[in-house]
Amino acid sequence: MNDSSWGAPPQAGYWGPSDQGPVQGVAPAGPAYDAHYAQQTRPMPVVPDVPDHGGDQDDDRGAARLSGPLFRDEPSRDDTHRGANPSAQPYGAVPQNPEPMPDAPQPQPQKKSAGRDLGAAIGVGVGLGVVIVASLFVVKAAFVGVIAIAVVVGLWELTKRLDERKGIKAPLVPLAVGGAAMVVAGYVRGSEGAWVAMALTALAVLVWRMTAPPEGYLKDVTAGLFAAFYVPFLATFVAMMLMADDGPWRVLVFLILTVVSDTGAYAVGWRFGRTKLAPRISPGKTREGLLGAVAFAMAAGALCMQFLIDDGTWWQGLLLGLAVAVSATLGDLGESMIKRDLGIKDMGTLLPGHGGIMDRLDSLLPTAPVVWLLLVIFVGSG
């Protein structure tokens, strides 16, 4: 070992292949050096020794040189020897003749989107239609069961969203049991049975909520009473239509007109819609779409009343179609208002292309009492 300490900087002189010491005439690097050399040298960062490539003797015996594009614009001798590109620009330099940049891609015009998966929506709609028609014309009681199931699922979606978004805990158990009982009572006992079941359901909601702490009692039972009226009570009018002798045909007309109204509003609004109907509630709805709903529903109403309902006439169908278009639109806006308040797009995800059950019942529920009342006025209770 030599007598230099750990961490001392290496000597700058050239060392030969043997251990005989530095080459004569070269001053050793370090803090102690001769004044003569101090006038001929300058402080430099310590870099590794450059290997001998057979170059000039002065370079070989001098201190290690600093070279490279970091300190000088032209390539060094070592860079040239190693095959570096002499024409390469130094780091950070701006090219003198930059190549032209390719033109930025122009944005392509976007096609107008329908806003949902039409394939899934049509498939689910056809499947639901088959179930409804089969149960409606085979066994009336089976269709009542379909209504009750839809009511229970709709109540579950509504109460779940209220709990998730607002912390409102409307009691689901009394709502589900009372809602199903309400539909059955409406089919068996008519409007009288529906009102009695509604009152008992409201009482059950008030009592059931008493088992929990009193905090939030008022908002929970208020939401429960709203849910009981909004979903099962309005759905009871569909069961009451079914009571008539031509009940299946009345229910079919009700479903056809509501679906045609929604389809007309959607098709016309998507193609020709320009003026917003209620932008703060539902930005997608337009006045042109509402006119399409009225036109489609009135035309379908005239045909349905003339050919499907006993003693019905075409002009009654025009009035019925107009009323359905208005009530279906108001029902759709009403549920949109609820969803805006909750900050959600759909009530659920049970039906691909449609959302949840409540997203399909939104226009049907408020339309049911309107159709039931007008059919009773036009052709009687049957």
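In the predicted model, Glu-164 is joined to Arg-161 by a salt bridge in which the closest N and O atoms are 3.1 Å apart. The two residues both belong to helix 5, which covers residues 140-166, and are separated by three residues, about one turn of the helix. In general, an α-helix has 3.6 residues a turn, so residues three or four places apart point the same way. The two partners are nevertheless covered to unlike degrees. Glu-164 has a relative accessible area of 48% and is therefore partly exposed, whereas Arg-161, with a relative accessibility of 12%, counts as buried because the cut-off for that class is under 20%.

Further salt bridges were identified elsewhere, and the search of the whole structure returned 10 of them. One of these connects the side chains of Lys-169 and Asp-163, with an N to O distance of 3.0 Å. Asp-163 is partly exposed, its relative accessible area being 33%. Another salt bridge brings together the side chains of Asp-346 and Lys-345, at 4.0 Å from N to O. Of this pair, Asp-346 is partly exposed at a relative accessible area of 30%, while Lys-345 is exposed at 64%. Salt bridges with shared partners also link Lys-160, Arg-161 and Glu-164 into one network.

The setting of these interactions is a protein chain with 12 helices and two strands. Read from the N terminus, its elements follow the order α-α-α-α-α-α-α-α-β-β-α-α-α-α. The protein chain comprises 382 residues, of which 36% count as buried. Among its contacts with a separation of 6 or more, 66% are made by residues 24 or more positions apart. The accessible surface of the protein chain amounts to about 23,000 Å², and carbon and sulfur atoms contribute 64% of this area.

Helix 12 was examined in further detail. This helix spans residues 364-379, a run of 16 residues, and extends 21 Å from its first C-alpha to its last, close to the 22 Å expected at 1.5 Å a residue. Its buried residues are Leu-364, Leu-365, Thr-367, Ala-368, Pro-369, Val-371, Leu-374, Leu-375, Phe-378 and Val-379. The cover over these buried residues includes helix 7 (217-241), helix 8 (247-272) and helix 9 (287-307), together with helix 10 (314-342) and helix 11 (357-361). Just after helix 12, Gly-380 adopts a positive phi of about 90°.

Aromatic contacts were also considered, and the structure holds seven aromatic pairs. In one of them, the ring centres of Trp-315 and Phe-378 are 6.2 Å apart and the ring planes meet at 70°; the pair is edge-to-face because this angle is over 60 degrees. Distant parts of the chain are linked by this pair, since Trp-315 lies in helix 10 and Phe-378 in helix 12, 63 residues apart. Phe-378 is among the buried residues of helix 12, whereas Trp-315 is partly exposed, with a relative accessible area of 44%. One aromatic cluster is formed by Trp-195, Phe-229, Phe-233, Phe-237 and Trp-372. An aromatic ring is also met by a charged side chain: Arg-271 is placed over the face of Phe-272, at 5.1 Å from the ring centre.

How values were computed. Residues are numbered from 1 along each chain as its sequence is written. This is a predicted model: local features need pLDDT of at least 70, side-chain atom pairs count only at pLDDT 80 or more; totals for chains, interfaces and linings use all residues. Side-chain values use heavy atoms; hydrogens and water are left out. Helices (H or I, at least four residues) and strands (E, at least two) are DSSP runs, numbered from the N terminus. The expected span of a helix is 1.5 Å times one less than its number of residues. Buried means under 20% relative accessible area, exposed over 50%, partly exposed in between (1.4 Å probe, protein chains only). Contact means heavy atoms within 4.5 Å. Rings of Phe, Tyr and Trp (its six-membered ring) pair if their centres lie within 6.5 Å; planes under 30 degrees apart count as stacked, over 60 as edge-to-face and the rest as tilted. A charge sits over a ring if NZ of Lys or CZ of Arg is within 6 Å of the ring centre and within 35 degrees of the ring normal. Accessible areas come from the Shrake-Rupley method with a 1.4 Å probe; for residues, only the protein chains shown count as cover.
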